[in-house]
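Me: I have a structure here that I would like to talk through with you, one question at a time. Shall we take a look together?

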Amino acid sequence: MEKKTAKKSPGGVSRRDFIKGMGTGALGTAVLPPLLGQTITTKKGRVLVFDKKTIALTVNGRKVSLEVGANETLLDVLRDKLDLTGAKRVCDRGECGGCTVHLDGAPVYACMFLAIRADGRTVKTVEGLAKGDTLHPVQEAFIEKDGYQCGFCTPGFLMTTSAFLEKNPDPSLDEIKHALSGNLCRCGNYAKIYGAVGAAAKKIKGA
Ligand code: FES
Ligand code: FES
């Protein structure tokens with residue numbers, strides 16, 4: 001019998017790797033209450049888990065400081081506290097990629113990442129992709145190539161694609177499919193999405 005290969009997530013890592021990479025971020029949303037008052041490991045080292053904590057973020061180039069709950073996700077904070085609703089809450093369980101944002105330049109599922117773990121880090125949402133009135137080449141390509149139907153999944157695809165093309169500016173179709181395999185489109189518009197990613201790569205190369 002054919003062995004099933006692991007599903008791939010943003011950035012071309014398997015879903016298993018992606019969840020593992022989330023570490024306490026993924027686990028934490030489920031098990032944080034028992035951790036209150038204890039320490040967890042973050043990029044900054046060991047930190048005490050508080051009920052509430054003030055964190056500082058740079059979001060779309062703007063420095064913000066805000067109080068977050070110990071079990072609040074980055075998606076909660078972006079959507080509910082900063083009014084940045086471009087990242088979509090769809091599955092809210094790390095399955096669809098609708099909530100994808102960049103954290104220090106890498107795509108992450110914001111619904112699976114604890115806000116306290118983003119302390120001191122840089123976040124970019126789809127609202128920060130364009131430069132003023134000038135769309136990002138990926139946004140332009142999605143418009144020109146009809147890379148969306150209802151558009152609900154589009155912010156996630158734009159964020160995954162823009163991070164991917166930074167790393168791989170000349171991808172093959174297989175590489176594009178692989179990189180986007182952690183983003184789901186319920187309209188099934190994949191052929192046009194892949195075409196848009198290829199067009200975006202050409203635009204960026206020619207820019
Ligand atoms: S809403 Fe985050 S992965 Fe689906
Ligand atoms: S365009 Fe509708 S879910 Fe993707």
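Me: In what order do the five strands of the open sheet stand?
Reply: Happy to go through it; please keep in mind that this is a predicted model. The pairing in this sheet is mixed. Neighbouring strands are turned by 40° against each other on average, direction ignored. Read across the open sheet, the order is β6-β5-β9-β7-β8.

Me: Which strands stand at the edges?
Reply: An edge strand here has a single partner strand, so one side of it is left without a neighbour in the sheet. That holds for two strands, residues 62-69 and residues 106-109. They are β6 and β8.

Me: How many bridges join β5 to β9, and do they run parallel or antiparallel?
Reply: Strands of a sheet can pair in either sense through backbone hydrogen bonds. In this contact Val59 stands opposite Val123 in β9. β5 and β9 are joined by two bridges and run parallel.

Me: Over how many bridges do β5 and β6 pair?
Reply: These two strands form a hairpin with two residues between them, and Asn60 in the turn has a positive phi of about 50°. One of the pairs across it is Ile55 with its bridge partner Leu66 in β6. The pairing is antiparallel, and the number of bridges is eight.

Me: Which residue takes a positive phi in the hairpin of β7 and β8?
Reply: β7 covers residues 100-103 and pairs with β8 in the antiparallel sense over four bridges. Going along it, Val101 has Val108 as its bridge partner, His102 has Pro107, and Leu103 stands opposite Ala106. Two residues lie between the strands, and the one with a positive phi near 50° is Asp104.

Me: What is the bridge partner of Leu103 in β9?
Reply: β7 pairs with β9 as well as with β8. The pairing of β7 and β9 is antiparallel, over two bridges. In β9, the partner of Leu103 is Val123.

Me: Which residues of β7 are buried on each of its faces?
Reply: In a regular strand the side chains alternate between the two faces of the sheet. In β7 both faces are covered. Val101 and Leu103 are buried on one side, and on the other side the buried residues are Thr100 and His102.

Me: At about what angle does helix α3 run to β6?
Reply: Helix α3, residues 74-81, packs on the sheet and touches β5, β6, β7 and β9. Another helix, α5 (residues 154-167), lies across β7, β8 and β9 at about 35° to β7. For α3 and β6, the directions make about 110°.

Me: Which element gives the largest share of the largest nonpolar core?
Reply: That core has 28 residues, and those with the most contacts inside it are Val59, Leu66, Leu74, Leu78, Leu82 and Val101. Two or more residues come from each of β5, β6, α3, β7 and β8. The largest share is four residues, and it comes from α3.

Me: How many residues are in the other core that lies apart from it?
Reply: Among the residues of this other core are Ala141, Phe142, Cys153 and Tyr194. Tyr194 is also one of the buried residues of helix α7. The core apart from the largest one has 22 residues.

Me: Which helices do the buried residues of α7 pack against?
Reply: Helix α7 has 17 residues, which should span 24 Å at 1.5 Å a residue, and its end C-alpha atoms are indeed 24 Å apart. Its buried residues are Ile193, Tyr194, Ala196, Val197, Ala199, Ala200 and Ala201. They pack against α4, α5 and α6.

Me: Is Glu67 buried or partly exposed, and what is its relative accessible area?
Reply: Glu67 lies in strand β6. It touches Lys52, Lys53, Thr54, Glu72 and Lys81, leaving aside residues up to four places away in sequence. Buried would need a value under 20% and exposed one over 50%. Glu67 is therefore partly exposed, at 46%.

Me: What percentage of the residues in the chain are buried?
Reply: The chain has seven helices and nine strands. It exposes about 10,700 Å², with carbon and sulfur atoms supplying 52% of that area. Of its 207 residues, the buried ones make up 47%.

Key
Residues numbered from 1 in each chain as written. Chains lettered and ligands numbered in written order. Predicted model: local features only at pLDDT ≥ 70, side-chain atom pairs only at ≥ 80, totals over all residues. Heavy atoms only, no water. Pairing = 2+ DSSP bridges. Axes fitted to C-alpha atoms, helices over the stretch in contact; angles between N-to-C directions. Contact = heavy atoms within 4.5 Å. Expected span 1.5 Å × (residues − 1). Buried < 20%, exposed > 50% of the residue type's maximum accessible area, 1.4 Å probe, protein only. Areas by Shrake-Rupley, 256 points an atom, 1.4 Å probe, with all protein chains shown as cover. Core = buried A, V, L, I, M, F, W, Y, C linked by side-chain atoms within 4.5 Å.
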